Amino acid sequence: MRLRARQGEALTGRFVVPGDKSQSHRALILGALATGETVIAGLLESEDVLATAAALRAFGARVERFGPGRWRVIGGPWRSPDASIDCGNSGTSVRLLMGAAAGQGVRATFTGDASLSKRPMRRVRGPLEAMGARFEGGDTLPLTVAGPVTRGIAHVNVPASAQVKSAVLLAGLGTDQPVEVSEPVPSRDHSEIMLAEFGVAVERSGGTVRLGSQRSLSGRLVSVAGDPSSAAFALGAAAIVPGSEVRVENMLLNPHRSGFVMALQRMGADLAMSNIRGQSGETIGDVRVRFGPLFGAEFTPEEIPSMVDEIPILAVVAAGARGETRIEGLDELRHKESDRLSLMAEGLAACGVAARSEGDALVIDGGPIRGGAEVRTEGDHRIAMSHLVLGLAAEQPVTVDEADMIATSFPTFREAMRGIGARIEEVAQ
Ligand SMILES: O=C(O)C1=C[C@@H](OP(=O)(O)O)[C@@H](O)[C@H](O)C1
Ligand SMILES: C=C(OP(=O)(O)O)C(=O)O
């Protein structure tokens, strides 16, 4: 399916954002590792998260949906699945599940779609092997992992990857040996937060997280907050479409996920946060963005992990700002669902934006956006959604060559965008 976005009225109202993808994967996985029942409210029901749910059933957990976003997980001892586990498009599923499976002492073969099969797995294989897990395969999927984990580890998490950190911590649940991960630059910490919520002793000091001696989990209630990576499309759109005012409620405001909101503020956006409170160990709140003049800014490599999935939409916002924006330290973007650094530079340039990649940096000279192109997404959900937002602010419509993959992270994207007045339509083949 191709989609086309065009300029229309101002964007206004409440943007209905689904549950956070990172929290959703973790709530299911920790539920499956826990004794007793875990009830989840606000689970993101996207293809990536459903891949995790299906995998956990194959590992022996009971995973049931009992209402919209409402799920029940009954954990217990894991078993080795008979068939291979297909993680589809989801890096978080495969990397976290490899760690969890190793820790539970089971054996499983993991596969994925064409995009996931190209993504680097050595980064998780290396530390898990150091912990005693055995692997068959190479540096990419398909890969077979077999537990148990027999040794501890002091892992240094470079480049900052929450998926690698989480794999090590989940594997570490299966041993009483010392397990720690240190991070020169912090990655998102939802695993640490949620493990503690489930009763695991998690010690954190400086940039290091360490498992204590209490490593068993008990089932509990988890409320998932709104996904800031999905909300970013509406907040970014409101910042560059004249006359707009959009608000998002109950959004995850974890500082390691708030880089995009901070970036908007630094570029001069009219943005306000309110109703800030705690939920399931996380900070959440409401965010409101109004259209106003934006100015280019510089972003350093240390800032990237806190907005790693939002760089494509940040680049679109930069296209609508006055002056130059330079985003440094984007090597990790080359290892996502596509080479996001190259595809953003290409798509923006095709729409008349002065954008280029310079090594690991993306440089954008903002101004009026011409649009009027069909851009290549290589089946990457965030590349598709970002260019559709570009089309809302462009003089001529912007078409994306493929949009089905949006369902991996944000299946309700079109209706949510329509709800604030965005004009996004299907294009006949
Ligand atoms: O742990 C997670 O939930 C995620 C971590 C990030 O990946 P890396 O760990 O590769 O940085 C991010 O890009 C991904 O969308 C979700
Ligand atoms: C990189 C992403 O996810 P994953 O690594 O789970 O495929 C993403 O959602 O942008």
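Two strands pair if DSSP finds at least two bridges between them. With that in hand, let us walk through some close-up views of this predicted model.

**View 1. A four-stranded open sheet with mixed pairing.** The strands in this view follow the order 6-7-9-8. Strand 6 (85–86) and strand 8 (134–137) each have a single partner strand and stand at the edges, so one side of each is left without a neighbour in the sheet. Look next at strand 7 (residues 107–111) and strand 9 (residues 143–146), which pair in the antiparallel sense over four bridges. One pair to pick out here is R107 with its bridge partner A146 in strand 9.

**View 2. Helix 4 and the elements it packs against.** Helix 4 spans residues 122–130, and its buried residues are V124, R125, P127 and L128. These buried residues pack against two helices, helix 3 (91–103) and helix 5, and against strand 8, strand 9 and strand 10 (153–156). Following the chain out of helix 4 brings you to G132, which has a positive phi near 105°.

**View 3. The hairpin of strand 12 and strand 13.** Strand 12 (residues 202–205) and strand 13 (residues 208–211) are joined in the antiparallel sense by four bridges. At the turn, two residues lie between the strands, and G206 there has a positive phi of about 55°. S205 finds its bridge partner in T208 of strand 13.

**View 4. Strand 15 between its partners.** Of the eight residues of strand 15 (residues 245–252), six are buried, so the strand is largely enclosed by the rest of the structure. Strand 2 (residues 12–14) runs parallel to strand 15, with three bridges joining them. Here T12 has E245 as its bridge partner. Strand 17 (residues 282–290) instead runs antiparallel to strand 15, and six bridges join these two. On that side, R247 stands opposite R288.

**View 5. The shell around ligand 1.** Surrounding ligand 1 you will find S22, T92, S161, A162, Q163, S166, S187, R188, V308 and D309. Helix 5 (residues 162–172) gives the largest share of this shell, three residues. By class, the shell holds six polar, two charged and two nonpolar residues. Q163 is also among the residues that UniProt lists, in an unreviewed entry, under "binding site".

**View 6. Ligand 2, lying between two domains.** The residues around ligand 2 are D48, S90, G91, T92, D309, K336, E337, R382 and S409. Five of them are charged and four polar, with no nonpolar residue in the shell. Why does ligand 2 lie between domain 1 and domain 2? Domain 1 (2–19 + 225–427) and domain 2 (21–223) both give residues to its shell, so ligand 2 sits between them. The UniProt "binding site" list, from an unreviewed entry, includes G91 and R382.

**View 7. K21 and R340, two residues from the UniProt "binding site" list (unreviewed entry).** K21 belongs to helix 1 (residues 21–33). Is K21 buried or exposed? It is buried, because 24 other C-beta atoms lie within 10 Å, and 20 or more are enough to count as buried. Leaving aside neighbours within four places in sequence, K21 is in contact with L44, S46, D48, V49, D227, S229 and S409. R340, for its part, is found in helix 10 (residues 340–350). It counts as buried too, with 25 C-beta neighbours inside 10 Å. Not counting residues up to four places away in sequence, R340 touches I311, P312, L333, D380, R382 and I383.

**View 8. E310, a buried loop residue.** Where is E310 placed? E310 is in the loop between strand 18 (298–299) and helix 9 (311–319). It is buried, since 28 other C-beta atoms lie within 10 Å. Beyond its neighbours within four places in sequence, E310 is in contact with S229, A232, G259 and F260. For a sense of scale, E310 and R72 are 238 residues apart in sequence, and their C-alpha atoms are 30 Å apart in space.

**View 9. The span that UniProt lists as "domain: Enolpyruvate transferase" (unreviewed entry).** The listed residues are 7–417. This span is 30% helix and 26% strand, and its end C-alpha atoms lie 13 Å apart.

Key. Residues numbered from 1 in each chain as written. Chains lettered and ligands numbered in written order. Predicted model: local features only at pLDDT ≥ 70, side-chain atom pairs only at ≥ 80, totals over all residues. Near = placed C-beta within 6 Å. Nonpolar A, V, L, I, M, F, W, Y, C, P; charged D, E, K, R; others polar. UniProt positions renumbered as here; feature names shortened; annotations may be inferred. Domains from an automatic or database assignment. Buried ≥ 20, exposed ≤ 12 C-beta atoms within 10 Å, placed from the backbone. Contact = placed C-beta atoms within 7 Å.
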